[in-house]
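Please look through the sequence and the model shown below, and then follow the paragraphs after it, which go from one residue to the elements around it.

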Amino acid sequence: MNAIARFIYPFADRMPKRIRSYLLRRWNPAKQDFLVPGLSFEHFIEHLDARAIAYAVLERGASAPEVLVSDWASDLIQPLTTRWPVGSAIKLYTPSGRPGTAYVSPLAKPCSSNRIALFPNHLANGILERAEATAGQGKVPSARDAFFARAYRAAYLEGVCCSWSEPGLLCATCVDHRRALKRLAAQADIALPRKLTHETLDQLLSAHGWRPAGDLLEKAAEWAPWLGRAFPELQIGLRVEGPGVAAFFIREQALANNLKGTILATLEEHGFDPLLILDLNEHERASVGREFRGGNWGQGPWNVDGGRPGCIVITLNRNPLPVPPEQKRRMRECDDWQIICAKEEARKRMIGGLERRAQYNGLHATDTSDQAWRVVRKVAPDQERALRRRIEQIRQATEAAQSAAASPLPGQLARA
């Protein structure tokens with residue numbers, strides 16, 4: 001198969017798109033990246049160094065070397081890689097999970113909703129900033145970053161299929177993670193917990209600022225069951241709140257472009273009453289950025305970085321809509337279709353008239369009422385009780401109005 005692919009590769013760009021897509025789906029179903037023919041990994045690293053691209057080689061001995069590169073450089077690297085299985089395999093990651101660089105846990109269902117950035121944005125950028133040059137090996141994470149990066153993957157992404165409280169019953173993957181952690185901890189002069197379990201590893205990661213955001217823990221619980229037991233406050237897998245409450249995050253670039261009013265008007269047009277508007281200061285922007293959206297506030301698939309969250313709007317939709325069946329697979333967590341509609345319309349208005357190279361994502365939203373109340377408890381806990389009272393009053397008034405509108409008037413009863 002590889003021989004045929006190498007023979008066809010020079011003519012791939014002239015091939016009909018439908019045939020090219022069919023062959024790629026058949027020959028590369030996992031959408032693995034490969035270095036272009038004739039380019040070795042060593043020469044690839046030389047290209048990165050020559051272009052002053054920020055990068056860190058995360059794993060070198062694996063069958064496919066793993067490299068973290070900066071968001072802005074991912075487009076520059078594209079000519080060096082291909083989806084055709086014609087060269088050496090490679091895995092590329094970016095801080096915001098740009099197209100083609102997202103991560104899916106090997107324990108998760110390989111679907112779009114499980115694609116995430118390998119590390120939260122601030123952690124990935126920290127690895128890049130502190131990467132150290134080595135003789136003939138390119139830049140690698142510092143000793144401490146190498147340990148915490150492996151611990152992060154072991155605790156939340158990959159080494160979670162077995163219970164570490166029983167070391168004798170571990171699979172090969174979990175055994176490999178434990179061995180690597182002991183080796184990397186010694187190199188970084190980090191004291192491992194006496195009893196190495198997911199829980200104690202999580203506590204160590206948390207103490208050094210490496211625990212992921214709550215919403216990412218909630219997602220990771222799908223393939224890491226221990227998280228549900230360790231974080232009962234997340235109520236993972238449960239829907240405690242009824243639909244209708246949503247938190248919208250207006251990002252810094254949208255605020256800089258004076259689009260806050262446009263966004264609020266769009267939300268109201270879609271039935272969302274803004275109940276609480278929180279303008280965040282510098283410290284709050286950093287804190288909220290780490291806590292929500294999986295800590296991922298980079299540019300993602302857009303051409304410009306939308307910035308950190310600058311304003312949070314807590315809203316109530318009096319008439320939430322269920323997600324259409326044909327959209328449920330893509331938006332399986334969402335409990336109100338109007339959230340998606342309002343968010344996408346606001347984004348269209350924000351980038352309307354902008355050239356493609358200047359477009360950005362300026363708005364994010366929670367998917368469920370449970371997530372929205374988690375935002376309230378994090379950023380405005382003293383206002384939760386008043387918000388709940390106000391929402392209950394609005395809902396009661398709405399129900400009364402709808403009931404009165406549905407009831408016939410006395411004169412209509414007489415005529416009947």
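**From one buried residue to two sheets**

Asp33 counts as buried, because its relative accessibility is 11%, and buried here means under 20%. The model in which this value was computed is a predicted one. Asp33 has its place in strand 1, and, leaving aside residues up to four places away in sequence, Asp33 touches Thr82, Arg83, Ser88, Ala89, Ile90 and Gly100. Asp33 and Trp84 are 51 residues apart in sequence, yet their C-alpha atoms are 7.7 Å apart in space.

Strand 1 belongs to a sheet, and the sheet is the next thing to trace. Five strands form this open sheet in the order 2-3-5-1-4, and their pairing is mixed. Its edges are strand 2, residues 55–59, and strand 4, residues 81–82, each of which pairs on one side only. Strand 2 is joined to strand 3, which covers residues 66–69, by four bridges in the antiparallel sense, and within this part of the sheet Val57 stands opposite Val67 of strand 3. Across strand 1 (33–35), strand 2, strand 3 and strand 5 (89–93) lies helix 3, made of residues 41–50, which runs at about 155° to strand 2.

Further along the chain there is another sheet to follow. This open sheet has four strands in the order 9-10-8-11, with antiparallel pairing; its edge strands, each pairing on one side only, are strand 9 (272–279) and strand 11 (363–365). From one strand to the next the twist averages 25°. Strand 8 and strand 10 are paired in the antiparallel sense over seven bridges, with Ala246 of this region standing opposite Thr315 in strand 10. Helix 13, residues 282–291, packs on the sheet and touches strand 8, strand 9 and strand 10, its direction making about 65° with that of strand 10. Helix 16 also lies across strand 8, strand 9 and strand 10, and runs at about 165° to strand 9.

Where does helix 15 sit with respect to the rest of the structure? Helix 15 spans residues 369–379, and eight of its eleven residues are buried, so this helix is largely enclosed by the rest of the structure. The buried residues are Ser369, Asp370, Gln371, Ala372, Trp373, Arg374, Val375 and Val376. They pack against helix 9 (214–220), strand 8 (245–251), strand 10 (309–317) and helix 16 (384–406).

The packing of helix 15 on helix 16 can be described in more detail. Two packed helices are described by the angle between their axes and the distance between the axes. The axes of helix 15 and helix 16 come within 10 Å and cross at roughly 140°. On the side of helix 15 the residues in contact are Trp373, Val376 and Arg377, and on the side of helix 16 they are Glu384, Leu387, Arg388 and Ile391. The residues of this contact divide into four nonpolar, no polar and three charged.

Helix 15 also leads to a pocket. The second largest pocket holds about 450 Å³ of space, and of the 19 residues that line it, Pro212, Ala213, Gly214, Glu291 and Lys378 are the closest to its centre. Helix 9, helix 13 and helix 15 each supply at least two residues of the lining. By type, the lining of this pocket divides into seven nonpolar, five polar and seven charged residues.

Methods. Residues numbered from 1 in each chain as written. Predicted model: local features only at pLDDT ≥ 70, side-chain atom pairs only at ≥ 80, totals over all residues. Heavy atoms only, no water. Pairing = 2+ DSSP bridges. Contact = heavy atoms within 4.5 Å. Axes fitted to C-alpha atoms, helices over the stretch in contact; angles between N-to-C directions. Buried < 20%, exposed > 50% of the residue type's maximum accessible area, 1.4 Å probe, protein only. 1 Å grid on protein atoms, 1.4 Å probe; cavity = no way out; pocket = protein on both sides within 12 Å on 5 of 7 lines; lining within 4 Å. Points joined across faces, edges and corners; volume = space filled by probe spheres on them. Nonpolar A, V, L, I, M, F, W, Y, C, P; charged D, E, K, R; others polar.
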